[in-house]
Amino acid sequence: GRGGAPGMTSAPPDPGALLDVRGLAAGYHDIRAVWDISLAVQPGRVTALLGPNGAGKSTTVLAIAGLVTVFAGSISAGGLDLRRLGPHERPARAGLSVVQEGKRIFRRRSVEQNLRRGLWPVRRQGRRALSEALDETYERFPVLAERRGSQAGLLSGGQQQILAIAQALISKPRLVVLDEPSIGLAPVMVDHVLDIIQGLRADGLGVLLVEQLVDAALTVADDVVVINRGRVAASGTVDAVGGLEAIRRIYLEEIAEQPLPAPSAGVDPDHRCPA
Ligand code: ATP
């Protein structure tokens, strides 16, 4: 239902959830950007994290990835406390793959080199398993097979996003976090990304989908968390929250209450995922 009631953070994490965030406060050095975020992702389900510009979506994603300061709250995956793991350990130990907004790929490396980077969490599996994973990825994303030797920066924006998603999937994670995967994409590519997400859900993965496009997100979401100013404004199943119209209303009310959005400071553009 509606309301981001604080004080619900003492319940133990749900060991069945692929991701369980409770009462998260996080930010940059000593500056808080989110105050009280709670959300969960279950296997075979898509949770949409929605909210206007500056609401704290990317900060929440970075906290899950271990890349910003966490001041309070818990972040767990399958009962495992992620706060005790460094960012480099989370993919391998918790089956977590994160596609950060705007930091998609190494543009000057080839498509294949980028995909191989995605194998880093499973690098101990041996040559054969790694080359099979690469083959499977090319089978699933033929456009990447055709361009495997090309410089990634020469792909179209949509193809680069597919590469970023493929790189995140190649290690066979249980949970995928996608921060605004549709940003800047043509509608046909947005649909393609949504199809990929549907496929992940059908395969039993959990997906945390961060979006500004509410309608697009709701075509694939099972659960929804609407945040604003670093706090939860509404959360529950899409039906429980009232479906598209209700979510849109909450979203618009929140935007109306907001002062003009400050330009997003973003994070250091040179900072990249562990490789
Ligand atoms: P957008 O849709 O614009 O990406 P968002 O919901 O992802 O927005 P965040 O990027 O998480 O929002 O921003 C939340 C708050 O944190 C904002 O007030 C933003 O200005 C601030 N913020 C973001 N990055 C930094 C940073 N590197 N240093 C300090 N503050 C930051």
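Select Pro173 first: it touches Gly95, Leu96, Ser97, Ala168 and Leu205, leaving aside residues up to four places away in sequence (contact means heavy atoms within 4.5 Å). Pro173 is found in the loop between helix 6 and strand 7; helices (H or I, at least four residues) and strands (E, at least two) are DSSP runs, numbered from the N terminus. Pro173 counts as buried because its relative accessibility is 7%; buried means under 20% relative accessible area, exposed over 50%, and partly exposed in between, with a 1.4 Å probe and protein chains only. Turn on C-alpha atoms for Pro173 and Ser97: they are 76 residues apart along the chain and separated by 6.0 Å.

The model on screen is predicted: local features need pLDDT of at least 70, side-chain atom pairs count only at pLDDT 80 or more, and totals for chains, interfaces and linings use all residues. Residues are numbered from 1 along each chain as its sequence is written, and side-chain values use heavy atoms, with hydrogens and water left out.

**Strand 7 and its neighbours**

Select residues 175–179, which form strand 7; 5 of its 5 residues are buried. In a regular strand the side chains alternate between the two faces of the sheet. On one side of strand 7 are Leu175, Val177 and Asp179, on the other Val176 and Leu178, and all are buried.

Now pick Val176 in strand 7. Val176 counts as buried because its relative accessibility is 0%. Outside the residues up to four places away in sequence, Val176 touches Ser97, Leu169, Leu200, Leu205, Gly206, Val207 and Leu208. Between Val176 and Val207, 31 residues apart in sequence, the C-alpha to C-alpha distance is 4.9 Å.

Add residues 96–99, strand 6, which runs parallel to strand 7 and is joined to it by 4 bridges; two strands pair if DSSP finds at least two bridges between them. Here Val99 stands opposite Leu178. Then add residues 206–211, strand 8, which pairs with strand 7 in the parallel sense over 5 bridges. Leu178 stands opposite Leu209 in strand 8.

Show residues 187–202, helix 7: with strand 7 and strand 8 it makes a right-handed β-α-β unit. To check the hand, point the strands away from you; the path from the first strand over the helix to the second runs clockwise in a right-handed crossover.

**Strand 3**

From strand 8, move to strand 3, which pairs with it in the parallel sense over 5 bridges. Val46 has Val207 as its bridge partner in strand 8. Strand 3 covers residues 46–50, and 5 of the 5 are buried, so it is largely enclosed by the rest of the structure. Its two faces carry Val46, Ala48 and Leu50 on one side, Thr47 and Leu49 on the other. Add residues 223–228, strand 9, which pairs with strand 3 in the parallel sense over 4 bridges. Leu49 stands opposite Val225 in strand 9.

**Helix 3 and the cores**

Select residues 111–118, helix 3, where 6 of the 8 residues are buried. The buried residues are Val111, Glu112, Asn114, Leu115, Arg117 and Gly118. What covers them includes helix 4 (127–140), helix 5 (142–146) and helix 6 (157–169).

Next, show Leu144, which touches Val111, Leu115, Tyr138, Gln159, Ile162, Leu163 and Ala166, not counting residues up to four places away in sequence. The largest nonpolar core has 52 residues, and those with the most contacts inside it are Leu115, Leu144, Val224 and Ile247. A nonpolar core is a set of buried Ala, Val, Leu, Ile, Met, Phe, Trp, Tyr and Cys residues joined through side-chain atoms within 4.5 Å. Helix 6 gives the most to this largest core, with 7 residues. Apart from this core lies another, of 31 residues, among them Val21, Ile37, Leu62 and Leu175.

**The whole chain**

Zoom out. The protein chain has 10 helices and 10 strands, and buried residues make up 50% of its 275 residues. Colour by pLDDT, the predictor's confidence in each residue, from 0 to 100. The mean pLDDT is 87, and 88% of residues reach 70 or more. Finish at the low-confidence stretches: pLDDT stays under 50 over residues 1–9, with 18 contacts beyond four places in sequence in the model, and under 50 over residues 264–275, with 16 such contacts.
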